[in-house]
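Reader: Before I set up any calculation, I would like to go through this model with you, one question at a time.

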Amino acid sequence: MSTKYNESPFFYRRRPTREVKVGDVGIGGKNPIRVQSMITSNTRDTDASIQQIMDLERAGSEIVRLTVPSQADADNLPNIRKKMKELGLKVPLVADIHFTPQVALKCVEWVEKVRINPGNFADKKKFEIIEYTDNDYHEELERIEEVFTPLVLRAKELGVSMRIGTNHGSLSDRIMNRFGDTPLGMVESALEFIRIAEKNSYRDIVVSMKASNPQVMIQAYRMLVARFYELGMDYPLHLGVTEAGDGKDGRIKSAIGIGSLLEDGLGDTVRVSLTEDAIHEIPVAKELVRKYNDLFFASLTTKENSIPIEREIIYTEFRDPYQYSRFYSKELMIGESKIGDSNPVRIESCFPFFGEGTEEEVLHLIQRGAKSGRVPELIHFQINSELDLLSLGTMTRRGSFPLPVSVSLSEELLYQYDALAEDLYRFQKWVISPSLFLKESEESWDDLLQFVSRFAKDKRSVEWTFSSTHIEQATVVLKECKKRKIENILFSVSDGDLLSLRKLACLLQESDYPIVLNVSAKNKDQLMYDASIKAGGSLLDGIGDVIRLSFGDGEAEECLHLSFDILQATRLRLTKTEYISCPSCGRTMFDLQSTTAKIKEKTGHLKGVKIAVMGCIVNGPGEMADADFGYVGAGVGKVHLYKGKEIVKKGVSETEAPDLLIELIRENGMWNDPE
């Protein structure tokens with residue numbers, strides 16, 4: 001497969017696409033990245049549906065989707081459209097179709113767009129193992145074409161657009177048996193349906209590759225676009241992490257998956273899937289697209305979107321963007337902490353230094369984290385005065401901190417580093433920007449390197465940090481450190497974005513030094529989004545050995561938990577229960593929010609156990625493929641319980657299901673009583 005999956009991995013440029021109209025709303029082309037959501041009410045309930053459509057339109061949802069699982073739901077669409085017209089609601093509607101081609105033909109008369117799932121539009125998923133010969137496979141495609149073509153022709157006739165939306169959790173048995181439960185299978189599933197549409201000269205298509213695991217999702221979208229480049233296709237993309245969950249975890253997972261792809265220049269409309277009221281999805285989606293819409297509009301007028309040719313020569317692809325592989329770094333000892341190599345990604349917590357009280361704050365954080373296993377592995381201080389440096393050095397020498405200590409000096413102190421040598425030697429890591437010395441003189445730069453060569457040994461290290469505008473200086477530092485045989489060094493970017501970290505990693509590809517993912521922001525909400533995209537996206541690229549997060553004068557504990565939550569969302573370190581829960585829709589068989597909350601209350605202490613809470617069987621059994629246990633709506637008041645993909649308890653009462661789930665976890669040796 002081509003390594004080209006976007007316009008550039010190192011400089012932001014949105015991928016050019018055709019424009020697809022959803023009513024009066026354009027997706028792709030020269031349109032902004034659109035924000036959309038989905039109502040959760042039963043489509044047969046006109047009043048409830050209208051209320052949610054109205055709420056979403058007012059909140060800024062530019063497109064609204066509703067589920068149409070049956071003929072009765074489709075029959076109520078005219079009533080919804082009539083009421084929308086009476087109330088002056090103009091937001092275009094999308095009908096979400098699963099299993100029922102005839103229902104899709106009814107819906108296309110009343111909506112601006114239909115969403116079909118190629119995994120189940122013309123297939124009844126049976127989880128069967130069948131060996132398909134090439135002839136068998138071709139016959140299946142002919143059958144699908146016969147079922148799908150009438151919808152394509154009618155949509156074309158009416159000017160209705162279509163989303164071909166692949167879900168990792170609902171690939172057909174045919175695709176599963178030939179390609180496996182893989183990103184490649186997701187791509188091929190969509191391409192089968194795109195080819196049928198193109199055969200009928202229909203191209204008003206948007207495509208999605210959704211998964212609950214951000215890593216699978218990102219790989220699938222990249223593979224899809226690589227195939228689009230090969231095939232000359234320019235369809236817009238709908239982005240979403242399906243079954244992301246609720247609260248902070250749902251937002252982090254969505255930001256990692258959606259935000260990383262937006263950084264790649266991929267994505268023309270987004271839906272954030274939270275297990276919350278749909279209206280809460282809109283502010284999250286708006287926050288995710290804001291930066292990229294600003295960049296895109298700036299590019300249309302100032303040409304800032306163009307890629308500098310000379311810089312393209314420096315930066316070349318060094319990853320396999322279609323599968324995870326950790327960017328290798330050698331092991332360093334910072335104090336007694338091991339960094340890099342096969343060690344887990346480490347957490348470095350930032351503290352403001354304010355004298356003796358700091359020691360107590362650090363120890364309290366360590367003690368509070370000990371119960372959950374969420375303990376920092378390094379601690380970092382920004383030092384602004386010589387007195388604070390002396391005080392911190394004294395505390396470190398007497399063993400006040402049971403963890404390695406890292407420091408950054410204010411610019412004023414930085415120029416006195418040689419006079420402060422005795423205090424600096426008491427710390428295990430020193431963070432320094434070489435830019436300040438490189439711009440002065442060769443003599444000052446040479447003096448600094450001599451000091452670093454003396455400091456960076458005996459379990460002490462220097463972290464070289466670069467601004468996003470001076471990343472190329474890493475090549476100078478690398479050359480000098482190799483010449484002087486300075487081994488104990490790390491690298492980081494002090495500002496910038498995911499693309500800045502990729503540039504740094506590209507420059508370091510021939511070396512084996514660890515990389516620190518350093519992200520700071522003005523407040524905790526902004527940090528959550530920025531760190532999820534920059535640190536989370538880098539981790540899924542295999543880049544990063546240490547995470548260091550900070551916001552304003554924010555609490556170290558907030559940053560500590562955010563660091564671990566990002567590692568949880570990327571599946572690199574599981575330190576709490578992992579939940580996969582869908583956002584609810586008209587197909588849901590129970591109240592997802594209260595049910596999810598109830599299950600979290602009972603199981604939230606099970607470190608590393610993965611539990612799926614799914615409203616219905618459309619995506620449930622497949623999307624929870626890598627979950628240990630599943631709780632899936634099977635009918636009104638009825639639940640199926642799964643172990644992996646296997647149903648172990650069918651149609652149990654909703655009131656009994658949570659306790660039966662605990663019993664199932666216990667039977668499989670994964671239960672422990674809460675403390």
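**Fold, sheets and surface**

Author: Glu 412 lies in helix H14, which covers residues 411-414; helices here are DSSP runs of H or I with at least four residues, and strands are runs of E with at least two, both numbered from the N terminus. The model is predicted, so local features need pLDDT of at least 70 and side-chain atom pairs count only at pLDDT 80 or more, while totals for chains, interfaces and linings use all residues. Residues are numbered from 1 along each chain as its sequence is written, and side-chain values use heavy atoms, with hydrogens and water left out.

Reader: Is Glu 412 buried or exposed?

Author: The classes rest on relative accessible area, with buried under 20%, exposed over 50% and partly exposed in between, for a 1.4 Å probe and protein chains only. The relative accessible area of Glu 412 is 62%, so this residue counts as exposed.

Reader: Which strands stand at the edges of the open sheet, each with a single partner strand?

Author: Two strands pair if DSSP finds at least two bridges between them. Eight strands form this open sheet with parallel pairing, in the order S8-S7-S6-S5-S4-S3-S10-S9. One side of each edge strand is left without a neighbour in the sheet, because each has a single partner, and these strands are S8 (205-210) and S9 (238-239).

Reader: Within that sheet, which residue in S5 stands opposite Val 64?

Author: Strand S4 (residues 63-67) and strand S5 (residues 93-97) run parallel and are joined by four bridges. Opposite Val 64, the residue in S5 is Leu 93.

Reader: What phi does Gly 644 have in the turn between S24 and S25?

Author: Strands S24 (residues 638-643) and S25 (residues 646-653) pair in the antiparallel sense over five bridges, and Lys 638 stands opposite Ser 653 in S25. The two strands form a hairpin with two residues between them, and Gly 644 in the turn has a positive phi of about 65°.

Reader: What radius of gyration does the protein chain have, set against that of a compact globule?

Author: The radius is taken over C-alpha atoms, and the globule rule is 2.2 Å times the number of residues to the power 0.38. The C-alpha trace spans about 80 × 60 × 55 Å along its principal axes. For 675 residues a compact globule would have a radius near 26 Å, and the chain agrees with this, at 27 Å.

Reader: What percentage of the residues of the protein chain count as buried?

Author: The protein chain has 24 helices and 25 strands. Of its 675 residues, the share that count as buried is 60%.
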